[in-house]
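Visitor: I would like a close look at a single part of this model. Please take one helix and then work outward from there.

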Amino acid sequence: MDIQTYLEQGKQALAQGHPREAAIAYAHGAQLESDNPMIHLGLAEANLGLGSYGVVQMACRRVQELQPAGGQESRLAQALLDLLDRRFERALQSVDAVISEDPGIAYAHALRSHLLRAMGQTYDANLARARAARLSYGGRFEHCFPNVEPLTPPEPAQPTVLPTNAANGASRESIPTWSRPNGMQRRMIRTRFLINQMPGLVTNIIVALSIIAFLLVVTGVVTLSGANPLTYVAAIFLTVSPIQLIINLISLFFVGRAVEVLFGKWRYIVIYLASGLIGILVNQYFLGGLTAGMTYAVFGIFGALGGFYFINRKSLGGFGQGAFQQWLLFAGLNIVLNVAFAQGNLTLVYGLIASIVGGLIIAVLLAPRQRRNLF
């Protein structure tokens, strides 16, 4: 195995909350390249989670020796040293410098979240943690940082009152140090926080809308008549068969929730709607009529999962190559099964193929990614 594979294994193990496995991967990497600063930084990060703080200090010093002129690894190493010394603000400055240079380092955002939480800034810490999870495709970095008691937040500064000038009787009014957010701003903050805490929110909403839409169609309340934008949007959540509805809901539960975590809520919504619309339009082109499109949207979500495996096939090592090959196998199998389900009517399958290819392409274009090691 090459050095890059060990580096990626270590990053994945840290993101999944397994510092011991990360330490093993980085130790193997050190045997290949003993002078690689990224390897020694990884050893420091892994041993920080294991509580081996002496090893952390030695590894960080080694990183700084290998990068005497400074660099990302050197700044992160200094941040870890400052963290051990409880100099959280200084550590945060180093981490922010790294993020400003390369915002795609998931561990840097996780470390920033830990530092902010230690400083009592819970809201900003949650935002940084969500960013780390997004960049690491669902990683939570559990057991990677020492338990620290949050610093006591300082008392709010009292308004500054300038003394009265007795000679001329002039006086100054008090100057407030900050302005309280208004009601709308507070509601926005609470809403963003709650959304970030619910990783399966969009999938659950899609499931609920699909069930409601199916019941409305079965009872005759809604029909696919007309061709206006609202009808096309409604068609993306519709199925005409209870068997198809059950299959789609199961697929959303297993695949949709994973894609939502990997791509984020807004990208997930775009992938679902766009791929569903692609399938509906292709099917309409061949058959000349509007049809239920939930199956197309689900195929697009499956295509997005293949897009994730494709753009990360090298950074994921052997797992990525195997996962993408398995995805190709299941994609072909699903298309064959749908051909059989459609009783050989290939025109119905064109929309499915267009959806899965469209979902893959959209995922490649929209996927959050680190700037390194993608292809």
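Visitor: Start with helix H7 (residues 106–118): what should its 13 residues span at 1.5 Å a residue, and how far apart are its end C-alpha atoms?

Guide: A caution to begin: this is a predicted model. Helix H7 covers residues 106–118. Its 13 residues should span 18 Å at 1.5 Å a residue. The end C-alpha atoms lie 19 Å apart, so the two values agree.

Now its surroundings. H7 is mostly covered, with 11 of its 13 residues buried. The run from Ala106 to Leu111 is on the buried list: Ala106, Tyr107, Ala108, His109, Ala110 and Leu111. Ser113, His114, Leu115, Leu116 and Ala118 complete that list. Several helices help to cover these residues, including helix H1 (3–15), helix H3 (37–50) and H5. Helix H6 (88–101) and helix H8 (122–135) are also among the covering elements. After H7 comes Gly120, with a positive phi near 85 degrees.

Look next at H5, one of the covering helices. Helix H5 spans residues 72–84 and contains Asp82. Asp82 is buried, because its relative accessible area is 0%, under the 20% limit. Its side chain makes a polar contact with the side chain of Arg90, at 3.5 Å. Setting aside neighbours within four places in sequence, Asp82 is in contact with Arg87, Arg90 and Ala91.

Then the cores. In soluble globular proteins, nonpolar side chains tend to be buried together. The largest nonpolar core here has 48 residues. Val259, Phe263, Tyr272 and Trp327 have the most contacts inside this core. Helices that each supply at least two of its residues include helix H10 (201–218), helix H12 (242–263) and helix H16 (346–366). H14 gives the most, with 12 residues. Val259 touches Gly264, Tyr268, Ile301, Ala304 and Leu305, leaving aside its neighbours within four places in sequence. Another core, of 46 residues, lies apart from the largest one. Leu116 is among its members, as are Ile3, Met119 and Ala132. Leu116 also appears among the buried residues of H7.

Last, the loop between H8 and helix H9 (183–196). Phe141 sits in this loop, and so does His143. Phe141 is not a glycine, yet its phi is positive, about 55 degrees. His143 also has a positive phi, near 65 degrees, in a residue other than glycine. Their exposure sets them apart: Phe141 is buried at 7% relative accessible area, whereas His143 counts as exposed at 59%.

Conventions
Residues are numbered from 1 along each chain as its sequence is written. This is a predicted model: local features need pLDDT of at least 70, side-chain atom pairs count only at pLDDT 80 or more; totals for chains, interfaces and linings use all residues. Side-chain values use heavy atoms; hydrogens and water are left out. Helices (H or I, at least four residues) and strands (E, at least two) are DSSP runs, numbered from the N terminus. Buried means under 20% relative accessible area, exposed over 50%, partly exposed in between (1.4 Å probe, protein chains only). A polar contact is a pair of N or O atoms within 3.5 Å; within protein, one must be able to donate a hydrogen and the other to accept it, and residues adjacent in sequence count only if both atoms are side-chain atoms. Contact means heavy atoms within 4.5 Å. The expected span of a helix is 1.5 Å times one less than its number of residues. A nonpolar core is a set of buried Ala, Val, Leu, Ile, Met, Phe, Trp, Tyr and Cys residues joined through side-chain atoms within 4.5 Å.
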